[in-house]
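These are my notebook entries from a first look through a structure that was new to me. I wrote down each thing I looked up in the order in which I came to it.

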Amino acid sequence: MEILTALEIAAIIVKNAPEALKTVEEIYDWAKSAYHSFMANLNVPADQVTVEMLVGYLDKIKAQSAEIQKPD
Amino acid sequence: MNSYLRFFGLGIAVVALSGCLAGCQTVASVFGTEVSQDVRQNAYKGYLLALSVWADGVQPAILVYKRRPYCAPEVTVICRNRATWEKIQTIEGRTSAMIERTRPVITGGTTDIELITNVAAAVWDAKTQLEAAKAEPKEP
């Protein structure tokens, strides 16, 4: 796996922040959340990935998708 | 408007998905033979990163976009293009449904681990399609 430093990853996340996030606080919160989630998962040793972690993500994706697909 | 969805170029996806794809190829190369616990755990790790990119990066950003009002003559700056939004919904729905179909691999409904090795590629394809939808010319 290509390894980037934490700083490089953080810079990429901030650079790609949605322009819809107009305030510094919004961008900071979004980037911080995305960064911490991704780094936390990146640092999990493969042998410590559990079924519960994966099912939790599947449930989150399902719930967020329902919200996205809900008619306006 | 045309750059609202710039986040779909989310650079971390490159890192996560390249790592996953490498792991997935390893799994695919041994698929059909005995899949060891180590190989399975490596596949789970790649799967976790792909799920993280989708659930923590892409979907929340789509939800941010959804909160914007539709573009109209009096709303032209921070707004949502209706045609683009419909494409985004289609791509998101298709990708999330594909991901959901991999649930039995985790919950024991099937031992076909190859299903989860396809998730990274699906997320990558969705990212490419979302970028294309973003780049299409918009009606004024």
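Entry 1, charged pairs. Before looking for pairs I fixed the term: a salt bridge is a side-chain nitrogen of Lys or Arg within 4 Å of a carboxyl oxygen of Asp or Glu. I also noted that the model is a predicted one. With that cut-off, I looked up K60(A) and found that K60(A) forms a salt bridge with D56(B), with 2.5 Å between the closest N and O atoms. K60(A) sits in helix α3 of chain A and D56(B) in helix α2 (residues 37–66) of chain B, so this pair joins two chains. I then checked how far each partner is covered: K60(A) is partly exposed at a relative accessible area of 33%, whereas D56(B) is buried at 6%.

Entry 2, the other pairs. Over all chains I found 5 salt bridges in the structure. One of them links D59(A) to R103(B), whose closest N and O atoms are 2.9 Å apart. This pair, too, crosses between chains, running from helix α3 (residues 51–69) of chain A to helix α4 (residues 103–107) of chain B. D59(A) is partly exposed, with a relative accessible area of 38%, while R103(B) counts as buried at 16%. I noted as well that D59(A), E100(B) and R103(B) are linked in a network of salt bridges.

A further salt bridge pairs R80(B) with D72(A), the closest N and O atoms being 3.3 Å apart. Here the link goes from the loop between α2 and α3 (82–100) of chain B to the segment after α3 of chain A, and thus it crosses between chains. R80(B) is buried, at a relative accessible area of 4%, but D72(A) counts as exposed, at 59%.

Entry 3, the disulfide. How many disulfides does a search of the whole structure find? The search finds 1 over all chains, and it is formed by C71(B) and C79(B), with their sulfur atoms 2.1 Å apart. The torsion about the S-S bond of this pair is about 85°, so I recorded the disulfide as right-handed. C71(B) is partly exposed, with a relative accessible area of 33%, whereas C79(B) is buried, with a value of 0%.

Entry 4, the nonpolar core. I next looked up the largest nonpolar core, which has 40 residues, and those that touch the most other members are L54(A), Y47(B), L51(B), W54(B), I99(B), I116(B) and V119(B). The elements giving two or more residues to this core are α2 (24–42) and α3 of chain A, together with α2, α3, α4 and α6 (119–135) of chain B. Which element gives the largest share of this core? That share, 14 residues, comes from α2(B). I followed I116(B) in particular and, leaving aside neighbours within four places in sequence, found I116(B) in contact with A43(B), Y44(B), Y47(B), T102(B) and V105(B).

Entry 5, chain B as a whole. I counted 6 helices and 0 strands in chain B. Of the 140 residues of chain B, 51% count as buried. Among the contacts in chain B with a separation of 6 or more, 71% are between residues 24 or more positions apart. Finally, I noted that chain B exposes about 6,200 Å², and that carbon and sulfur atoms supply 55% of this area.

Terms used:
Residues numbered from 1 in each chain as written. Chains lettered and ligands numbered in written order. Predicted model: local features only at pLDDT ≥ 70, side-chain atom pairs only at ≥ 80, totals over all residues. Heavy atoms only, no water. Helix = DSSP H or I, 4+ residues; strand = E, 2+ residues; numbered from the N terminus. Buried < 20%, exposed > 50% of the residue type's maximum accessible area, 1.4 Å probe, protein only. Core = buried A, V, L, I, M, F, W, Y, C linked by side-chain atoms within 4.5 Å. Contact = heavy atoms within 4.5 Å. Areas by Shrake-Rupley, 256 points an atom, 1.4 Å probe, with all protein chains shown as cover. Disulfide = S-S within 2.5 Å.
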